[in-house]
Amino acid sequence: MARKVLIITYYWPPAGGIAVVRWVKFVKYIRENGWDPVVYTVSNGNYPLTDASLEKDVPEDIQIIRRPIWEPHQLYRFFSKTKGSGGLADIKPKHRASFVERISNWVRSNFFIPDARAFWIKPSVRFLNEYLKANPVDAIVSTGPPHSAHLIALALKNEMRLPWLADFRDPWTTMDYYKELLLSSWANKKHHRLELEVLKVADAVTVVGNGMKLEFEQKSGRTVEVVTNGFDEADFSCDLTQFDEKFSIVHIGTFFSRINPVNLWQVLNELSKEKHPMISELQIKLMGRVDPAVVASIYEAGLEKFLTLLPVQLHQEAVRQTRGAQVLLLCIFEQTKFVVTGKLFEYLASKRPIFCIGPVDGDAAAILKETNAGTAFAFNDKIGIRHHLLDLYTKFKAGELKEIKNNSEKYSHQELVKEIVCQLNRIVRQ
């Protein structure tokens, strides 16, 4: 008889984006490994992106419990005059924020801990306490961010003594935008205290990369397991790929100003001035939310006529664009070099060459080397960027980019869910 697991997650279809994909795919395949999932999520989430197409991956007969949440995003939008969700990623860097935005940031930072979904915690604990008495489960999983999901599970663990796996897709107090919070000393200490309590009380902790594993193990003195993000082979098994006709450099997903590869644009500018044949076949394709600063730097480099901007698309269209790219651009911020995003693994599944610009000693660089799927160059390595770009173009002209292979099979969700199940089996047997 299958064991039951309650999965607490804020992000669930109709929410879209890579934050949803991880656990939608694990839920899709976890039954094959002896666990029956029950999903607890919100009924009125404030999602920056929706994608109903992900519903097709959710088994029709699993139980999904949706409960309302009150979020301060309307207040945030009023005070900051933005269309953001009020989440951490929407907080502007301090040097770019207006006075009103800084006030909004201070309120958000000190009154909504650990995040803007803090008011979801107490109602969820009350509801789930009663639900679980009538509908027992064998274990609980919480996945964050938002880290409020972990605090729901923490309360249930303390009250009901259920085995609990805390799954971290991103760090907590070392995430790059945490430093942009206008935290009081009291609020900063509370974040660190809650983070440590979750790490110590959870029966198992999983993270998406080795850097997070090292950080959390040093903080908590416990063992932390790595279960990376991944890809679903079924998403990439459609008809033959239609490759872009031009030499396309494609970036999929949110393109923050902090990962803007200025030297890449400058190299392309220089090649344009040199009248290199690459330029006549060049296409720069950016799909998703792109910071205006990135677009401005492309214009400043005189590359605007090669630029194609596409809005956020449904997941299946993102997959199509990924598979059709001649070159996939992956940019990694120095402070998040040990955070391995879901985008990397969908890039791997596409079997396209990955041009990584970011820390050469980070987790993404190590995975690219391990799988033979691409090469990483530091942001300031202008010579290396130029040489690699020219090499890719040479292979494009020779037709060699159509036959790319890599060793990424172990990063499929079908394989990765086995690691989750291994942790669940272990903590239930304890």
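This is a dialogue between two colleagues about how to read the sheets, spaces and backbone features of a predicted model.

Colleague: Where would you begin with the sheets, and in which order do the strands of the open sheet of seven run?

Modeller: I begin with the strand order and the sense of the pairing. Remember that we are looking at a predicted model. Here seven strands make an open sheet, ordered S3-S2-S1-S4-S5-S6-S7, with parallel pairing. At its edges are strand S3 (63-67) and strand S7 (225-226), each of which pairs on one side only.

Colleague: How many bridges hold strand S1 and strand S2 together?

Modeller: Six bridges, in the parallel sense, link strand S1 (residues 3-8) with strand S2 (residues 35-42). To find the register, pick one pair: isoleucine 7 has valine 39 in S2 as its bridge partner.

Colleague: And which strands does helix H1 touch?

Modeller: Helix H1 (residues 18-30) packs on this sheet and touches S1, S2, strand S4 (139-144) and strand S5 (164-168). The direction of H1 makes about 150 degrees with that of S2. Helix H6 (residues 185-201) packs on the sheet too, touching S5 and strand S6 (204-207), and its direction makes about 130 degrees with that of S5.

Colleague: Let us turn to the other sheet. What is the strand order in the open sheet of six?

Modeller: The order is S10-S9-S8-S11-S12-S13, and the pairing is parallel.

Colleague: Why is one side of strand S10 and of strand S13 left without a neighbour in the sheet?

Modeller: Strand S10 (307-310) and strand S13 (374-377) are at the edges and have a single partner strand each, so one side of each has no neighbour in the sheet. From one strand to the next, the twist averages 20 degrees.

Colleague: How many bridges join S12 to S13?

Modeller: Four bridges join strand S12 (residues 354-357) to S13, and the two run parallel. For the register there, look at isoleucine 357, whose bridge partner in S13 is phenylalanine 377.

Colleague: Which strands does helix H10 contact?

Modeller: Helix H10 (residues 315-324) packs on the sheet against strand S8 (247-252), strand S9 (282-287), S10 and strand S11 (327-331), and its direction makes about 145 degrees with that of S8. Helix H12 (residues 363-371) also packs on the sheet, touching S11, S12 and S13, with about 150 degrees between its direction and that of S13.

Colleague: Now for empty space. How is it found?

Modeller: Rolling a probe the size of a water molecule over the atoms shows where empty space is left. In this model, a search of the whole structure gives one cavity of 30 Å³ or more. The largest cavity holds about 30 Å³ of space.

Colleague: Which residues line the largest cavity?

Modeller: Its lining is Ile18, Val21, Arg22, Asn229, Gly230, Gly342 and His413. H1 gives the most to this lining, with three residues. By class, two lining residues are nonpolar, four are polar and one is charged.

Colleague: What is the volume of the second largest pocket, and what lines it?

Modeller: The second largest pocket has a volume of about 330 Å³. Its lining has 16 residues, and those nearest the centre are Ile113, Ile121, Lys122, Leu151 and Lys190. Helix H3 (99-111), helix H4 (121-134), helix H5 (148-160) and H6 each give two or more residues to that lining. The lining divides into eleven nonpolar, two polar and three charged residues.

Colleague: Ile113 came up there. Which residue does isoleucine 113 join through a cis peptide bond?

Modeller: For a cis bond, look at omega. The cis bond joins isoleucine 113 to proline 114, with omega about 15 degrees. Proline 114 is in the loop between H3 and H4. Another cis peptide bond joins glycine 144 and proline 145, with omega about 10 degrees, and proline 145 lies in the loop between S4 and H5.

Colleague: What about phi of lysine 275?

Modeller: Phi of lysine 275 is near 60 degrees, a positive value in a residue other than glycine. You will find lysine 275 in the loop between helix H8 (262-273) and S9.

Colleague: Finally, how many salt bridges are there?

Modeller: The count comes to 26 salt bridges, taking a cut-off of 4 Å between nitrogen and oxygen. In one of them, aspartate 235 pairs with lysine 56, with the closest N and O atoms 3.7 Å apart. Aspartate 235 is in the loop between S7 and S8 and lysine 56 in the loop between S2 and S3, so the pair ties together parts 179 residues apart in sequence.

Conventions. Residues numbered from 1 in each chain as written. Predicted model: local features only at pLDDT ≥ 70, side-chain atom pairs only at ≥ 80, totals over all residues. Heavy atoms only, no water. Pairing = 2+ DSSP bridges. Contact = heavy atoms within 4.5 Å. Axes fitted to C-alpha atoms, helices over the stretch in contact; angles between N-to-C directions. 1 Å grid on protein atoms, 1.4 Å probe; cavity = no way out; pocket = protein on both sides within 12 Å on 5 of 7 lines; lining within 4 Å. Points joined across faces, edges and corners; volume = space filled by probe spheres on them. Nonpolar A, V, L, I, M, F, W, Y, C, P; charged D, E, K, R; others polar. Salt bridge = Lys/Arg side-chain N within 4 Å of Asp/Glu carboxyl O.
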